[in-house]
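Please look first at the sequence and the model shown below. The report then turns to the interior.

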Amino acid sequence: MAKQNTANVKINKMGYFEQLGLITNSKTPLYSLLKKVEKVRGKPFEIAMDTDGDATFDSVPEGTDVTTYENALENADVVLQRHTKIRKTWMVTDEQLETANPIGIADQKAYAVTRAMLKLTKAIDTMIGSDQEMEAGKGQFGDKCRCLGAWTNPDSTDIPALYRTPTEQVCATDGLKEAAFDAVLAACFEQTGEVGNYQLFAGTTLKKAIKKFSRENGTDNNAALRCIMPSGERSIKWAVNIYDSDFGIVHVVPSNNLGRKSGEKISATSRSRGYLIDTSKVVLSFAKDIRQKELEDGGAGPRGYVEARVTTIVKAPQILAKFN
């Protein structure tokens, strides 16, 4: 017996798409804001890293010949990474196309493809912000790529010690004060010596903690700050979307898709999670671009899928920061 695939409604509706209460949590800040780079081949593939290391300035005695030479690649190393293939399917029954219109959509096939595409980009965004570690595919499970939660793990043995995110750059969101936030930025600055231009992808709890910086003095007593607004102002502005610090400008971008497992709902963990990123050092690579393919109609109606093979490339994990 063919599987019924029509929506669970009492009465079919025609031409009332404007009444459709479509609830979608499809915002994808990581996927949208991170740069997409050229395709990377290989399974797995290597990400090369290098650093100057600490400066030495030993004096050279008069008349000393050059007898030793520095290895330009003494700190060079590689980190292995894999791609993850994600697929979302779609289907429209022949009954939906020919006689029934459950929710008043003019083109149900186009709607089904669009919904699958939204689900795919949301899945990619949530995967990027997860704690997923790199893993080789086996049996019914495909390859997994290393995602931001794993890239910023100070205890990771898969990342060379010189390039791991330091523990000083992993900070608790609970009870976060401005002094602790500045300490994280200072630690990131010490890695590069450059005043950064950062994106902070933040869960709701972290976003609200940063907002308090504009209301409290950031010390242990957290005395309230007083703000005077123009007399003609009729709105109260407490949002903090840009934080200008001594060590860089931080653009705060709220996200629901951080620190979540596959299929997991928003939780205290995802609300408290945050990643401080220099977007020139974190990019996405698609071994296979997002594509939509329609399959043969076996008689039940049009069907197909959208899919992509994607991975994260972090060129310098030691300059990232994480909030938990």
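What follows describes the nonpolar cores, one helix and the cysteines.

This is a predicted model, in which local features need pLDDT of at least 70 and side-chain atom pairs count only at pLDDT 80 or more, while totals for chains, interfaces and linings use all residues. Residues are numbered from 1 along each chain as its sequence is written, and side-chain values use heavy atoms, with hydrogens and water left out.

The largest nonpolar core (a set of buried Ala, Val, Leu, Ile, Met, Phe, Trp, Tyr and Cys residues joined through side-chain atoms within 4.5 Å) has 42 residues, and Leu-30, Ile-124, Leu-148 and Ile-277 have the most contacts inside it. Its largest share, 7 residues, comes from α3. Not counting residues up to four places away in sequence, Ile-124 touches Tyr-31, Ile-86, Phe-286, Ile-290, Ala-308 and Val-310, where contact means heavy atoms within 4.5 Å. A second, separate core of 20 residues includes Leu-185, Cys-188, Tyr-198 and Ile-210.

In helix α6 (residues 204-211; helices are DSSP runs of H or I, at least four residues), Leu-206, Lys-207, Ala-209 and Ile-210 are buried, meaning under 20% relative accessible area with a 1.4 Å probe, protein chains only. Seen down the axis of α6, these buried residues fall within an arc of 160° (taken from the directions from the helix axis to the C-beta atoms), so they line one face of the helix.

The structure holds 0 disulfides, a disulfide being a pair of cysteine sulfur atoms within 2.5 Å. For Cys-145, the nearest cysteine sulfur, that of Cys-147, is 3.8 Å away.

| Cysteine | Relative accessible area |
|---|---|
| Cys-145 | 0%, buried |
| Cys-188 | 1%, buried |

Terms used
Buried < 20%, exposed > 50% of the residue type's maximum accessible area, 1.4 Å probe, protein only. Helix = DSSP H or I, 4+ residues; strand = E, 2+ residues; numbered from the N terminus.
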